[in-house]
Amino acid sequence: MDGRGTPLRTWEKLYWGVFVTAISLFLFNRLKPDPVDAKIDEDKEARKLEAARAVLAGRSFTEGEEDPFEGLGPQEIQAYIDKALDGVSHSDPFEGMTPEEINDYTAKNGIPAQYQ
């Protein structure tokens, strides 16, 4: 060995090419997040919507129940409320409801504080 490197042979180039490609593919596949199957619990979604309306009406939404927003951060809760209420203003919690829905809602939950 005189300290000079010899050029790689064809099989060595092929070996290192396959090795670099395999490592690159492995790392590329690790960049993507694992898909999560989102299972929608319709009962929980209904409770969340009811809780969002209760918040807008100025009532407590956790009276003797589990917190429907458990595990969500403040930004996630606000985003859900905005999405669930689909543009309902904070000044009118009945916006977008039919008269029958308003009657059912007030019979079940009482009249919001802002209307008393």
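**Briefing: a four-helix chain**

I23 has a relative accessibility of 39% and therefore counts as partly exposed, since that class lies between under 20% for buried and over 50% for exposed. I23 sits in helix 1. The model described here is predicted. Its chain contains 4 helices and 0 strands, and the pattern along the sequence reads α-α-α-α. Of the 116 residues in the chain, 16% are buried.

**The nonpolar surface patch**

- I23 is one of the residues that make a nonpolar surface patch of about 970 Å².
- The other members of the patch are L8, W11, Y15, W16, F19, V20, F26 and L27.
- Y15, also in the patch, has a relative accessible area of 48% and is partly exposed.
- W16, another patch residue, is partly exposed as well, with a relative accessible area of 45%.
- F19 belongs to the patch too; its relative accessibility of 40% makes it partly exposed.

**The aromatic cluster**

- A pair of aromatic rings is described by the distance of the centres and the angle of the planes.
- The structure has 2 aromatic pairs.
- One pair is Y15 with W16, whose ring centres are 5.2 Å apart and whose planes meet at 80°.
- This pair is edge-to-face because its angle of 80° is over the cut-off of 60 degrees.
- W16 also pairs with F19, at 5.5 Å centre to centre and with 90° between the planes.
- The pair of W16 and F19 is likewise edge-to-face.
- Y15, W16 and F19 together form one aromatic cluster.
- Where do W16 and F19 lie? Both are in helix 1, which covers residues 10-31, and they are 3 residues apart, about one turn of the helix.
- An α-helix has 3.6 residues a turn, so residues three or four places apart point the same way.

**The nonpolar core**

- Which residues make up the largest nonpolar core? It has 5 residues, namely A51, A52, F69, Y80 and I81.
- Two elements give two or more residues to this core: helix 2 (42-57) and helix 3 (74-85).
- I81 is located in helix 3.
- Is I81 buried or exposed? I81 counts as buried because its relative accessibility is 8%, and the limit for buried is under 20%.
- I81 and A52 are 29 residues apart along the chain, while their C-alpha atoms are separated by 5.8 Å.

**Helix 2**

- How many residues does helix 2 have? Helix 2 has 16 residues.
- From its first C-alpha to its last, helix 2 reaches 22 Å, which is close to the 22 Å expected at 1.5 Å a residue.
- The buried residues of helix 2 are K48, A51, A52, R53, A54, L56 and A57.
- Among them, A51 and A52 are also members of the largest nonpolar core.

Note on methods
Residues numbered from 1 in each chain as written. Predicted model: local features only at pLDDT ≥ 70, side-chain atom pairs only at ≥ 80, totals over all residues. Heavy atoms only, no water. Phe/Tyr/Trp six-rings, centres within 6.5 Å; stacked < 30°, edge-to-face > 60°. Buried < 20%, exposed > 50% of the residue type's maximum accessible area, 1.4 Å probe, protein only. Patch = residues over 30% accessible without salt bridge, like charges linked within 9 Å, V, L, I, M, F, W, Y side chains within 5 Å. Areas by Shrake-Rupley, 256 points an atom, 1.4 Å probe, with all protein chains shown as cover. Salt bridge = Lys/Arg side-chain N within 4 Å of Asp/Glu carboxyl O. Core = buried A, V, L, I, M, F, W, Y, C linked by side-chain atoms within 4.5 Å. Expected span 1.5 Å × (residues − 1).
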